[in-house]
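Open the model in your viewer and keep the selection panel at hand. We will go from stop to stop, and at each one you get something to select and a note on what is there.

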Amino acid sequence: MIDYDKVLSDKIKGIKPSGIRKFFDIAGTMDDVISLGVGEPDFNTPWAIRKAAIQVLERKHIIYGPNKGLAPLRGAISQTIEKKHGVRYDPDKEIIVTVGGSEAIDLALRGLLDNGDEVLVVEPCFVCYAPLVELAGGVPVSVPTKIENNFKLTLDDFKDKVTERTKLIILPFPNNPTGAVMTREDLEPIAEFLRDTNIMVLSDEIYSELTYGRKHFSIIELEGMRERTIYVNGFSKAYAMTGWRLGYVTAPEPIINQISKIHQYGIMCSPFISQNAAVEALSSCDAEVAKMVEEYNIRRRYLVGEFNRLGLTCFNPEGAFYVFPCIKSTGLTSEEFCERLLFEGKVAAVPGSAFGDSGEGYMRISYAYSLKHLMEAISRIEKFLKKLEAEKNEGKNCG
């Protein structure tokens, strides 16, 4: 009998499963659960994108594409970034089309890190960063942000964590799970500090199109930052293309040359059909994206107002499609609260602790769901909170 414990990688055994998937998978086995745990748009992929994919299916032989991605798509990505940020990337030398933004992040980390290199991971944040750092041989160093700073990163948050082994800082803005954004004024002191170091930036801007009341600002727009930034984006969130699995990474040519080798051997190329459809997304779907943002904004305002009404203080997000209400007043940990909410209240949310230790005391609710679903979820959460309050009062009376 083989001893699998001796066969399996100790590195992999030490990595925890995704806290997001845990609650989503449990909810999938239950009846009458409103699942607000996964960040997946409830909108259909715009028709122009689907039509472009259909035309490829009908008229073209479906083949492997170039390793770095189809030339028309890389050209469209280059034009889009230049239009939005005033920064140009050479489509032939500085862009790789990836299988979602997650592969782009993985490529960047594996392309830069040697064993023992440290990566500053700004938290709360998407669950993949720290595990991918570890898989690349690096050491994740947590950099908590604070509610009193609107969950924005400040220079004081991380400058004392920089060591001679620090190679990279991950900027996840607009932020998942908090919805925080960084303005030019927020980023300037960080950029000024980094210019005097050899520290690179991995800027994950997958939610850049989903902002409310302000235009997204990228750190690549600041002087001297293009040369030290690996920019990650994709099509899943803004264009409702999660299942199409398409993202991209842009960076200076020396970095692209290295990470393209990983992409070649590990993936080869991104889906041919998805790439052709993405060209259409960038060329003709801005109006559809704007309509989605308008609807998300309605849901955002509703949820923030309702959670504050219920006594769960809720930060007002300026980007992405999540709210991050505080549940500390209940006396439960975020894991306990979300587990009981799922089994007793029939609402699936993600505990804030899944996004790093600084997320403890919060839960993440996605509003990439219809207003009808959100209203029903709030009704159930309100009943659940009343039940918790009744338990507290009963305990006091017994005491």
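## First stop: the cis prolines

Select proline 174, which sits in the loop between S5 and helix H9 (184–194). The peptide bond leading into this proline from phenylalanine 173 is cis, with omega near -5 degrees. Keep in mind as you look that this is a predicted model.

Now go to proline 124, in the loop between strand S3 (118–123) and helix H7 (129–135). Here the bond from glutamate 123 to proline 124 is cis, with omega near -5 degrees. For context, most peptide bonds are trans.

## Second stop: two positive phi values

Move to the loop between S4 and helix H8 (155–158) and pick asparagine 150. Its phi is near 60 degrees, a positive value in a residue other than glycine. Phenylalanine 151 lies in the loop between S4 and H8 too, and its phi is also positive, near 60 degrees.

Which of the exposure classes does each one fall into? Asparagine 150 counts as partly exposed, because its relative accessibility is 37%. Phenylalanine 151 is buried, since its relative accessible area is 2%.

## Third stop: the seven-stranded sheet

Show the strands as a cartoon and trace S2-S8-S7-S6-S5-S3-S4: these 7 strands form an open sheet with mixed pairing. Why is one side of S2 and of S4 left without a neighbour in the sheet? Strand S2 (95–98) and strand S4 (139–144) stand at the edges and each has a single partner strand, so nothing in the sheet flanks the other side. On average, neighbouring strands here are turned by 20 degrees against each other, direction ignored.

Within the sheet, highlight strand S5 (residues 166–171) and strand S6 (residues 200–204), which pair in the parallel sense over 4 bridges. Isoleucine 170 is a good landmark, standing opposite leucine 202 in S6.

## Fourth stop: helix H5

Helix H5 (residues 71–85) packs on this sheet, where it touches S2, strand S7 (229–234) and strand S8 (247–250). The direction of H5 makes about 110 degrees with that of S2. The helix has 15 residues and reaches 21 Å from its first C-alpha to its last, close to the 21 Å expected at 1.5 Å a residue.

Colour H5 by burial and you will find several buried positions, among them Leu73, Ile77, Thr80 and Ile81. The buried residues of the helix pack against S2, S7, S8 and helix H11 (272–284). Glutamine 79 is also found in H5, but this residue is exposed because its relative accessible area is 58%. Draw a C-alpha to C-alpha distance from glutamine 79 to tyrosine 89: they are 8.4 Å apart in space and 10 residues apart in sequence. Just after the helix, glycine 86 takes a positive phi of about 70 degrees.

## Fifth stop: the cores

Return to leucine 73 and show its surroundings. Neighbours within four places in sequence aside, leucine 73 is in contact with Val97, Phe235, Leu246, Gln275, Ala278, Val279 and Leu282. The largest nonpolar core has 68 residues, and Leu73, Phe235, Tyr239, Phe307, Phe321, Phe337 and Met363 touch the most other members. A second, separate core of 29 residues includes Val141, Leu171, Phe173 and Phe324.

## Sixth stop: the three-stranded sheet

Met363 leads to the next selection, strand S12 (residues 363–366). An open antiparallel sheet of 3 strands runs in the order S9-S12-S11. S9 and S11 stand at its edges with a single partner strand each, so one side of each lacks a neighbour in the sheet.

Strand S9 (residues 322–323) is joined to S12 by 2 bridges, and valine 323 stands opposite isoleucine 365. Strand S11 (residues 350–351) is likewise joined to S12 by 2 bridges; valine 350 stands opposite arginine 364, and proline 351 has methionine 363 as its bridge partner. Turn on the side chains of S12: Met363 and Ile365 point one way, Arg364 and Ser366 the other way, and all are buried.

## Last stop: the cysteines

How many disulfides does the structure hold? There are 0. Select cysteine 128, whose closest cysteine sulfur is 8.0 Å away in cysteine 125, too far for a bond. For cysteine 326, the closest cysteine sulfur belongs to cysteine 314 at 9.7 Å, again too far for a bond. Cysteine 128 counts as buried at 14% relative accessibility, and cysteine 326 is buried with a relative accessible area of 16%.

Conventions. Residues numbered from 1 in each chain as written. Predicted model: local features only at pLDDT ≥ 70, side-chain atom pairs only at ≥ 80, totals over all residues. Heavy atoms only, no water. Buried < 20%, exposed > 50% of the residue type's maximum accessible area, 1.4 Å probe, protein only. Pairing = 2+ DSSP bridges. Disulfide = S-S within 2.5 Å. Axes fitted to C-alpha atoms, helices over the stretch in contact; angles between N-to-C directions. Contact = heavy atoms within 4.5 Å. Expected span 1.5 Å × (residues − 1). Core = buried A, V, L, I, M, F, W, Y, C linked by side-chain atoms within 4.5 Å.
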